[in-house]
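User: I have this model open at my desk and would love a close look at one part of it. Could you walk me through the aromatic rings, and then show me how the two chains meet?

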Amino acid sequence: MRRQLIAALVLLPLAPAAAEPGLEDASPLPVTVEFNRDIRPILSENCYKCHGPDPKTREAKLRFDTKEGIFAALDEGHLAVAPGNLKKSALWGRVTTKAKDDVMPPPKSGKKLTPREISLLGKWIEQGAPWQGHWAFIPVQRPAVPSVRHPAWVRTPIDAFILARLEREGLLPSPEADPITLIRRLSFDLTGLPPAAADVEDLVRSPEHNYERAVDRLLASPHYGERMALMWLDLVRFADSRGYHSDNPRNVGPFRDYVISAFNENMPFDKFTEEQLAGDLLPNATLRQKVASGYNKLNLTTEEGGAQAKEYEAKTAADRVRNASGVWMGATMGCCECHDHKFDPFTTKDFYRFAAFFADIKEGAISDGDKGIYVPTDSQAVEMKKLEDQIAGLKKTLETPTPALAAAQAEWEKTALQAAPWTVVEPESVKAKDGTEFLVEEDGSVIATGKTVAKDTYTVVLQIPMEKATALRLEALTWPTLPKSGPGRGSSGNFVLSAFSAKSGDKAVALAHASADHSQDQFPVATALDSKKNSGWAVSPELGKEHTAVFEFKEPFGKGPSTALTVTLDFRSNQNDHTLGRFRFSVTDDAKPAAGVTVPAKVRGILEADAEKRTDAQKKDLAAHYRTIAPLLDPVRADLAAIEKKNEEYLKTIRRCLVSAAESTPRTVRILPRGNWLDATGEVVKSGVPHFMRQVESGEKRASRLDLAHWLASRDNPLTARVFVNRLWKMCFGTGISKRLDDLGAQGEWPVHPELLDAMAVDFMEDGWNVKNAVKRIVMSAAYRQDSKPSKALRERDPYNRLVACQSRWRLDAEVVRDTALAISGLLVPTIGGDSVKPFQPRGYWSFLNFPTREWENDKGEAAYRRGLYTWWQRTFIHPSLMAFDAPNREECCAERARSNIPQQALVLLNDPTYVECARAFADGIRKEGGATPVEKIAWAFQRAVSRMPVDREIAVLADVQARHLEQYKTDPKAAEQALTTGKFQPPKEGDAAEAASWVSVARVLLNLHETITRE
Amino acid sequence: MDIYEKFARTMTRRSFLGRTTTGIGSMALASMMNRGAFAEDQALRGRHHAPKAKRVIHLYMAGGPSHLETFDYKPKLGEMNGQPMPESFTKGQPIAQLQGAKLTCFAPQHAFKRYGKNGVEMAEIFPKLGAVADDICIVRSLVTEQINHDPAHTFMNTGTSISGRPSMGSWLWYGLGAETDNLPGFVVLTSSGRGGQNQPIATRQWSSGFIPSKYQGVHFRSQGEPVMYLGNPGGVTAQRQRDVIDSVDSLNQIHQDSVDDPEIATRISQYEMAFRMQSSVPALMDLKDESEETLKLYGTKGADGSFAANCLLARRLAERGVRFIQLYHRDWDHHGNVKGDTKLKAEEVDGPCAALITDLKRRGMLDETLILYGGEFGRTPMAQGSGRDHHIKGFSCWLAGGGIQGGLMHGATDELGYHAAEDIVHVHDLHATMLHLLGIDHKRLTFKFQGRDFRLTDVHGNVVRKILA
């Protein structure tokens, strides 16, 4: 019944095309004229050039783009527009006058109002000329569903809006697409994968009956979340690398999993918004909510030497404003970094107030070494807890007094301060590798001098004046001219002794143990003896004080009265400018060389004072110190070291994710005049939303990211829902209802179907921001199900298919091109989630990366066959195969990818080893499963690639190339072998290599078809 | 085969790239552009006045070459060597690695000499360039706005430090099309120096940003395949590849008959272009047909990835009609040892640059080729140990060829080489001048994005008329 009706409709002649599309319109005037829907387009098209926002072209000081301008008072009691009074409205007089010199628009402009437009203007003035602001900034209200002349076509309210407009334009909708096209369309749109054969069959069997089932099945597929993530990850600029300069990796993988699972679980969009902008601020935030807040860390960052913190603080703030305003508001607030917006009411102050929402995010502006929080799986979390508990238990033991410890302590106290006798050794020579010079003082100490260097290595030759020396003592000494009096030579006063070693002649002298009176947190003296370059002994915050380290020989050192010992001190950690300013060496042959030295000053004070007069606190401190060295606890310490090591190793296996965390005191945010970060004269601003919109009510408290999230995803925010449903529409029709997905402002496009957009936005919000339902409402419509083959007349009439008198066709997104080839070939590994993978990429593509230089390591096994969205995203060098198909570099919010058609795409599909390997696997399937004869095989393969059966002409083309190449490969077995080697796919060899190679040719042809990579 | 022949007749082999400049039906064009999103902006393209140059070769010295050791002689800085840099120069100025350090004057590390009829001043480490000084116009008053490499490169290429805007090569290709139907209109070549200061360069630098991605620069690599995925798979001869493409074209054409999608016609033409590139690019990169004398002139034995070889390739690309040819030579980031390292760099680029000018001139191509030589910024008059830090307030570049007055020194920095002081040339002005020489009014080459008409020069830029021939 329905199909017949459509067929009948299609036979109706098209109404003659209007001179100006959409304007010649004989339909009755609306009961209530609306400014935005009915009047503004007329004014914009015909009047704004001379009476609009641009003061340079404005005539007669009249403007109709503002409320003030429209109702401005003119001469003789006239207004430009006098509500309810045609006679007093100058505009009405000028558009209706017969006088050639007075009529507007002037004939020489080439513009002329139609009778309907004039009637609309008149009716609007008579109805009181109600004015409306820019459509996207006024509240979203549910419009009435329009009535249509052909209600039989209407499946959902969406269709009523579409059809009403088509009927007004004298156009007809297109017939429903065939079921194969429909299931491919649904499958690509909702999951980003071609349909399984069974799904095709199911819909073909009964298109009308099984359609909704297909929709529900696809929405329930775990691949739906992946498809939605494709859109979302572009918006929030998700990438695996920093972006600037070194473009080093960062940990964000779990964020992608969050996005995928949120869409799969159909998390309401308001919650999704809240968790990303402010997951860390939620009470008792779960691990998952914290991961969601990783959104706030997806901006570009730098590690470049010489980057200035203030400048990058400004860059980061602007980056976040551009992104959040683009993602949720479809607003181009980035324009306001330097000046008030030229077209929209956003001001510079709005920009910096918006930036201030993010001023609490904890981070370093430069070289932020943040690795992110651990994101364990459930079982990993159990194991982590177990290790943590073990560590805590052992630590507790180390902190627990026992009678045995007390007794041992009493013994220790007797000799604790008996320092070993030390003999100062004046160096025979001191040399530096990178230019430091030295002065040797009378007290045997050495002062570093000469030019300042970032890093250096000191080599000291000592004559050890005794037999069987047990240890060397290094004193790091102060000196008045050193920064902060030293002992370091750099501006901080600190030093990092990254390595300490000794040798005699060419032979290394082993050092068994290092101890010090004080070591900086994370820089224990023992690490000066390890092989890690970036660890070592440092002494902050105890600067301007002298410190002592004792290095014990493994075997007693020294023969006779003088044995040469060469000691090397490296200051080569990542910390530049951390060499040592003054030092002195001593030796001892005492059996307990570290005694006395390593007693911290505080403990020494307690020991030196009268034992009888110790306070409880002093007793506690003393016991606590003793327990850190008590031999009785050595086994516990050994256990602890072992378990901590195990824990450290275990943690390396756990994924991590950058997340946001709030500082208690947010950074001060100032307006930067003309965006100049060097100018600190601007007004200090508090966090807030654009001034012309409903304001956040946070009372006395600072408005937080959580407030921002709630403000964005609230029923009375005019932008968020419109922006989102517009993007869903684009996902399903190729173009948004308002074309500019990233700008709903005045310079964006007036929506083709504003009421439909609002209807969908209201549905979305009132349905609890339910994303799957919103998608389903679109794909269930008759509009969505139309075929995508416009007639020539329709194409000329509406070349960009904005009126949706048919569906659109477009080339698949980069990742989906890959997924499709993998799916057809059977190589696809459909695992959901996980960290990024590195499928094949030509060697040397990263040769321009530096600090450090890197090479992409191709993954092996399953990781090589994952969906495109899991590909490692290196911002400065996007995978070339994806880049050829317009994958964005994700440095900025990308709401709409380019959809180019360039030769590099042909090179990828023809020659990229990934696609060649797909062709080989596909060919293997064709031979094994495709049937007996070449024609059967071709039909099978064709259907597998594009879901439909080939026509005879198509079979002939493929049969021809297969037969020809079979002959050729028969005479050239070596080439046949070569054709079967690209990639890791190695099925057991069966049959004739020439025959196998010929099917690779067929498979390559099919994977290269326009139809294969096109959503129709 | 007949389908292919039919197609070939209708399309002609001068397809796509050539045709976009000559204008084709709006429907086909709309399909080649991103459908809908971009097509309405076509009207603004094309030349606005008679061009002086047809193409640009940009010799991009990446890392920030010191102007004080190359093209901007400052004897006063020599006199003040070791003395504190007067605060009047540096107060309130952005500083990179020297933040918080003591600022002392650092004398020019190389002697300068006057070359050519007009006595153009250059460091003696550029003797060969000196020999062609009469063809060169040195600009000594360039300024930029970004002080770190990555954003400064982005600024030099796109006129802003914000990612996502088109690079100048893309603008030119978009505005003028290309004069080749088997090579891209914007080609990037890269080489590294021997000094170990090879700063990273991002593909963003040759991105087409928000204009259609077919205008992105294509990086021709010196190692591996010159263009990604250019070579046929194993066991596939050129003829077999032809067969596969013919079959693809035929099947696409059959599908086209039923769906009438203009995008398919474009797809077919792009497969043809890809196939032509598979032979044209290797032919381009193979220097076999160059004479011994030419190879010697440039100082290269073959396409070895050196800057010298790339200069020769630049000439070959120019001959083949490529619109914008950009050669990155890295390793100019001389925070230390500016004396030795600028000499090393000069040894690498002096001869090849001079050879390029000489070679283009004798082939009658210099007049129609604009050569631009320079880096993303200069270096401080203040010492950073034995080197110099990044500097954006005054530095140098040079131009030669189409429409440029040779033997000229334009603009000047102050007596210590800190601030550009006379005839200041901003990067935007350089862009405006380049577009002007190619026949484009920089204010009229626009592309609508996010509701705004964007330009390479944003809202700035003045043509530097004094350097025009």
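Analyst: Here is a walk through the aromatic rings, followed by the contact between the chains. Please keep in mind that this is a predicted model.

Over all chains, the count comes to 52 aromatic pairs. A good one to start with is A:Y458 and A:F583, whose ring centres are 5.9 Å apart with 25 degrees between the planes. The pair counts as stacked because planes under 30 degrees apart fall in that class. A:Y458 belongs to strand β6 (residues 456-464) of chain A and A:F583 to strand β13 (residues 582-588) of chain A, so the pair links distant parts of the chain, 125 residues apart. A:Y458 has a relative accessible area of 0% and is buried, and A:F583 is likewise buried at 0%.

Strand β13 of chain A also carries A:F585, which pairs with A:F500 of strand β8 (residues 499-504) across 85 residues of the chain. The two ring centres lie 6.3 Å apart and the planes meet at 40 degrees, so this pair is tilted. Both partners are buried: A:F500 has a relative accessibility of 3%, and A:F585 has 1%.

Elsewhere in chain A, rings gather into one aromatic cluster, whose members include A:W232, A:F238, A:F255, A:Y258, A:W328, A:F724 and A:W769. Try selecting these together in your viewer.

Two tryptophans have a charged side chain over the ring. A:K838 lies over the face of A:W872, 4.4 Å from the ring centre. For A:W873, the residue over the face is A:R890, at 3.7 Å from the ring centre.

Now to the place where the chains meet. Chain B brings 84 residues to the contact and chain A brings 92. The size of an interface is often given as the accessible area lost when the parts come together. Here the area buried between chain B and chain A is about 7600 Å², with 54% of it from carbon and sulfur atoms.

Polar links are found here too. Between chain B and chain A there are six salt bridges, and one of them joins the side chains of B:R240 and A:D972 at 3.9 Å, N to O. The count of residue pairs in polar contact between the two chains, both at pLDDT 80 or more, is 37. On the side of chain B that touches chain A, the elements giving two or more residues include α3 (26-32), α7 (149-158), α9 (238-259) and α10 (262-285) of chain B. Among the elements on that side, α9(B) gives the most, with 15 residues.

Methods
Residues are numbered from 1 along each chain as its sequence is written. Chains are lettered from A and ligands numbered from 1 in the order in which they are written. This is a predicted model: local features need pLDDT of at least 70, side-chain atom pairs count only at pLDDT 80 or more; totals for chains, interfaces and linings use all residues. Side-chain values use heavy atoms; hydrogens and water are left out. Rings of Phe, Tyr and Trp (its six-membered ring) pair if their centres lie within 6.5 Å; planes under 30 degrees apart count as stacked, over 60 as edge-to-face and the rest as tilted. Helices (H or I, at least four residues) and strands (E, at least two) are DSSP runs, numbered from the N terminus. Buried means under 20% relative accessible area, exposed over 50%, partly exposed in between (1.4 Å probe, protein chains only). A charge sits over a ring if NZ of Lys or CZ of Arg is within 6 Å of the ring centre and within 35 degrees of the ring normal. Contact means heavy atoms within 4.5 Å. Buried area is the accessible area (1.4 Å probe) that two parts lose on being put together, summed over both. A salt bridge is a side-chain nitrogen of Lys or Arg within 4 Å of a carboxyl oxygen of Asp or Glu. A polar contact is a pair of N or O atoms within 3.5 Å; within protein, one must be able to donate a hydrogen and the other to accept it, and residues adjacent in sequence count only if both atoms are side-chain atoms.
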